[in-house]
Amino acid sequence: MPSRVLHLLASAAPPAVDLVDVVWHAQAEGWTVCVGLTPTAAEWLDDQLPALEGQTGYPVRSSAEAFGVREIWPRADVTVVAPASLNTVNAAALGLTPNFVAGHLTEALCLRSPLVVMPCVNSAYATHPQFGRSIEILRASGARVLFGEGGFQPHPPGEGDRKAYPWHLALGAARSLVE
Ligand SMILES: Cc1cc2nc3c(=O)[nH]c(=O)nc-3n(C[C@H](O)[C@H](O)[C@H](O)COP(=O)(O)O)c2cc1C
């Protein structure tokens, strides 16, 4: 695959702490990767930010750029939002842009750009009435939402295994969007 650009955006759910490995995998598949984080995820990954920037060659972004400043990332061929928290899924479905990741996701939806969203929620969060509506809205807007069969399967509260988060499905979906 010729080098394509992947915007890999993560919110504050445990699999986010494995992003360094995920970036290696994506780069091994030929992607140029740019990493974006919600402010909470950026706090969690604070000690990994230099490694992620060294690995990708691009700043890790977690805040909107200043008005009038030129875009520092190359344009995405595909945007992957994973892990997508309940908060981030709902924000994007409602068109809310409280932070960099939600804003980027909302923009990708509005522009109908290739977009993969893989939630990470426990089975209790998944019953929140807005969550199901948000998944439907994202799908109806053209996003590939990897949730349920063939995607992330919610776990009972307190029983999540971050190592079981199916990153390969997110990268596979991204690949399928550019092949
Ligand atoms: C240890 C820990 C694990 C969490 N796991 C999840 C999770 O798997 N899914 C989720 O939606 N929220 C989870 N949360 C809650 C989110 O971090 C929280 O709602 C946060 O505000 C999400 O913000 P963001 O979407 O801007 O990253 C967790 C919080 C903590 C402290």
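Start with the whole protein chain and colour it by burial: of its 179 residues, 42% count as buried. Keep in mind as you go that this is a predicted model.

Now switch to a cartoon view. You will find seven helices and five strands in the protein chain. Walking from the N terminus, the elements come in the order β-α-β-α-α-β-α-α-β-α-β-α. The radius of gyration is 15 Å, close to the 16 Å that the globule rule gives for 179 residues, so the protein chain is as compact as a globular protein of that length. If you show the C-alpha trace and turn it along its principal axes, the spans are about 40 × 35 × 30 Å. Contacts are worth a look here too: among those between residues at least 6 apart in sequence, 78% join residues at least 24 apart.

**Stop one: the ligand**

Select the ligand and bring up its surroundings. How many residues surround the ligand? The shell holds 16, and the closest are S11, A12, A13, T38 and S85. Colour that shell by residue class and you will see eight nonpolar residues, eight polar ones and no charged ones. Next, highlight α2 (39–44) and α4 (86–93), since each of these helices supplies at least two residues of the shell. The largest share, three residues, comes from α4.

**Stop two: a pair of helices**

Leave the ligand and select helix α1, residues 19–28, together with α3; the latter covers residues 49–56. Their axes are 10 Å apart, and the packing angle is about 5 degrees. Because that angle is under 35 degrees, α1 and α3 count as roughly parallel to each other. To see the contact itself, show side chains for L19, V20 and V23 on α1, then for A51, L52, Q55 and T56 on α3. Five residues of this contact are nonpolar, two are polar and none is charged.

Just before α3, click on Q48, in the loop between α2 and α3. Is Q48 buried, exposed or partly exposed? With 19 other C-beta atoms within 10 Å, Q48 is partly exposed; being buried would take 20 or more. Try a distance from here: V22 is 26 residues away from Q48 in sequence and 13 Å away in space, C-alpha to C-alpha.

**Stop three: the loop after α3**

Follow the chain out of α3 and select E65, which sits in the loop between α3 and β3 (78–84). E65 has 13 C-beta neighbours inside 10 Å and so counts as partly exposed. For a longer line across the view, draw the C-alpha to C-alpha distance from E65 to P154: the two are 34 Å apart in space and 89 residues apart in sequence.

**Stop four: two backbone details**

Most residues other than glycine have a negative phi, and most peptide bonds are trans. Two places here are worth zooming in on with that in mind.

First, move along to strand β3, where P83 has its place. Show the backbone atoms of A82 and P83: a cis peptide bond joins them, with omega about -10 degrees.

Then go to R112, in the loop between α5 (100–111) and β4 (115–119). What is the sign of phi at R112? Phi is near 55 degrees, a positive value in a residue other than glycine. R112 is also exposed, with 10 other C-beta atoms within 10 Å.

How values were computed
Residues numbered from 1 in each chain as written. Predicted model: local features only at pLDDT ≥ 70, side-chain atom pairs only at ≥ 80, totals over all residues. Near = placed C-beta within 6 Å. Helix = DSSP H or I, 4+ residues; strand = E, 2+ residues; numbered from the N terminus. Nonpolar A, V, L, I, M, F, W, Y, C, P; charged D, E, K, R; others polar. Buried ≥ 20, exposed ≤ 12 C-beta atoms within 10 Å, placed from the backbone. Rg over C-alpha atoms; globule rule 2.2 N^0.38 Å. Contact = placed C-beta atoms within 7 Å. Axes fitted to C-alpha atoms, helices over the stretch in contact; angles between N-to-C directions. Parallel < 35°, antiparallel > 145°, perpendicular 65-115°, else oblique.
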